[in-house]
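Subject: Structure handed over, with notes

Dear colleague,

Here is the structure I promised to pass on to you. Please look it over first, and then read the notes below alongside it.

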Amino acid sequence: MENFKTIVALAAKYQTFLGYSALSLLAAVGETLFSSIAYRCPCNSWSHTYGLVFLLVPALLLFLLGFMFNMSLWKQVTGCCNTHAFVRGFRYWCEKRLLCLYIVLQVIFLSALPPLTWIALALLRVSFYECIVSGLPLDYIKERFCGSNDVCIKELLFIPCASSLKMNLSQAELEQIQGNIRAESQVLGWCLIAIVLFFAVVIACISRCLSPVSHLQLLFWKTYIENEQKFFNEDSKQHAAQLAERNVKSFFNQEAQAEFPTPLNKDWSRISIANSWDNRKTYYSPLHKFIERKSDSLKASTRSVLPPAEVNFTVMAV
């Protein structure tokens with residue numbers, strides 16, 4: 001049982017990473033299944049449309065699923081369209097343009113990994129690209145693969161179905177055309193993989209270089225966030241259970257209950273916004289900022305309401 005709890009805790013801790021890893025694995029397995037089972041190039045005027053649909057539509061679906069798996073996105077947009085929060089949220093995001101841009105770019109980059117995996121694998125397997133290229137009604141494509149060979153220009157559309165159709169092209173010409181298409185497709189696939197990895201490294205380097213804290217403080221920050229989330233979840237369950245028990249007992253016993261302390265709606269909103277680093281004061285999370293500012297305001301109000309003896313003593317000392 002303890003091992004199961006440990007696994008669940010690790011899954012909750014790395015849920016975003018596991019979600020995108022699962023989507024990438026789904027893309028790899030799905031591409032293999034589609035290529036071997038469902039995909040059949042029609043070898044007619046629909047070839048390029050058919051190939052593009054199989055190449056891009058699953059990628060679009062994976063991209064949208066990536067947005068659904070991003071918990072930080074839903075944390076920021078939840079409740080932002082109600083009247084109260086919308087006015088405050090619009091003003092907040094206008095003031096925090098860079099933070100907003102960072103969150104949007106982070107979501108887009110992470111969500112783009114599974115669809116790019118799908119496209120890269122599809123290009124390396126060639127079949128989608130072969131169907132698209134052979135079906136394009138462009139003279140440039142025909143001249144590039146066939147040159148001045150009239151027979152090749154007429155039968156280029158049927159290249160993906162060469163194994164099941166009788167072709168007038170010689171075996172050597174057919175293998176040369178298929179080899180050129182295969183080479184282009186695989187080069188594009190490897191280039192796409194290289195570009196994605198290059199941007200991943202560049203983004204990682206830039207984010208580390210622009211970090212407002214040192215490496216050790218960043219490790220402390222991550223540890224704090226993990227523990228804050230852990231204690232918040234535990235106390236939330238306990239608080240919710242106590243409130244539910246109070247209300248149920250009040251309903252069945254038909255008796256009034258004492259007031260139950262619970263955070264206000266505006267307090268929940270303040271701890272749910274994205275955290276921005278302030279060099280003047282160290283706040284590791286919106287909850288940390290909320291508690292520190294609330295403590296400061298309580299201290300200020302205590303100092304402003306002094307007993308008369310303390311006021312007179314202060315005036316005399318001055």
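I begin with one pair of helices: H3 passes H7 in a left-handed crossing. Helix H3 (residues 47-69) and helix H7 (residues 127-135) pack at an angle of about 150°, and their axes lie 7 Å apart. On the side of H3 the contact is made by Ser47, His48, Tyr50, Gly51, Leu52, Phe54 and Leu55, while H7 contributes Phe128, Cys131, Ile132 and Gly135. Sorted by class, this contact of H3 with H7 has seven nonpolar and four polar residues, and no charged ones. Please keep in mind throughout that this is a predicted model.

H7 deserves a further word, because eight of its nine residues are buried, so that H7 is largely enclosed by the rest of the structure. The buried residues are Phe128, Tyr129, Glu130, Cys131, Ile132, Val133, Ser134 and Gly135.

As for the overall picture, the protein has 14 helices and zero strands. Of its 318 residues, 26% are buried, and the protein exposes about 21900 Å², of which carbon and sulfur atoms supply 67%. Among the contacts with a separation of 6 or more, 63% are accounted for by residues 24 or more positions apart.

Next comes helix H10, which runs over residues 171-209 and has 39 residues. From its first C-alpha to its last, H10 reaches 56 Å, which is close to the 57 Å expected at 1.5 Å a residue. Buried in H10 are Leu174, Ile177, Gln178, Ile181, Ser185, Gly189, Leu192 and Val196. When you look at that list, it may help to recall that an α-helix has 3.6 residues a turn, so residues three or four places apart point the same way. Ser207 also lies in H10, and Ser207 counts as partly exposed because its relative accessible area is 36%, between the limits of 20% for buried and 50% for exposed. The C-alpha atoms of Ser207 and Tyr102 are separated by 9.9 Å, although these two residues are 105 residues apart along the chain.

In helix H11 you will find Trp221, which is buried, with a relative accessible area of 16%. Leaving aside its neighbours within four places in sequence, Trp221 is in contact with Pro212, Val213, Asn275, Trp277 and Tyr284. The C-alpha atoms of Trp221 and Tyr283 are separated by 9.6 Å, and the two residues are 62 residues apart along the chain.

Finally, there are two loop residues whose backbone you may wish to look at. Cys43, in the loop between helix H2 (15-38) and H3, has a positive phi of about 55° although it is not a glycine. Gln254, in the loop between helix H11 (215-253) and helix H12 (265-270), likewise has a positive phi of about 55° without being a glycine. Are these two residues buried or exposed? Cys43 counts as buried, because its relative accessibility is 5%, whereas Gln254, at 65% relative accessibility, counts as exposed.

With best wishes

Technical notes. Residues numbered from 1 in each chain as written. Predicted model: local features only at pLDDT ≥ 70, side-chain atom pairs only at ≥ 80, totals over all residues. Heavy atoms only, no water. Helix = DSSP H or I, 4+ residues; strand = E, 2+ residues; numbered from the N terminus. Expected span 1.5 Å × (residues − 1). Buried < 20%, exposed > 50% of the residue type's maximum accessible area, 1.4 Å probe, protein only. Axes fitted to C-alpha atoms, helices over the stretch in contact; angles between N-to-C directions. Left-handed = near helix turned anticlockwise from the far one by under 90°. Contact = heavy atoms within 4.5 Å. Nonpolar A, V, L, I, M, F, W, Y, C, P; charged D, E, K, R; others polar. Areas by Shrake-Rupley, 256 points an atom, 1.4 Å probe, with all protein chains shown as cover.
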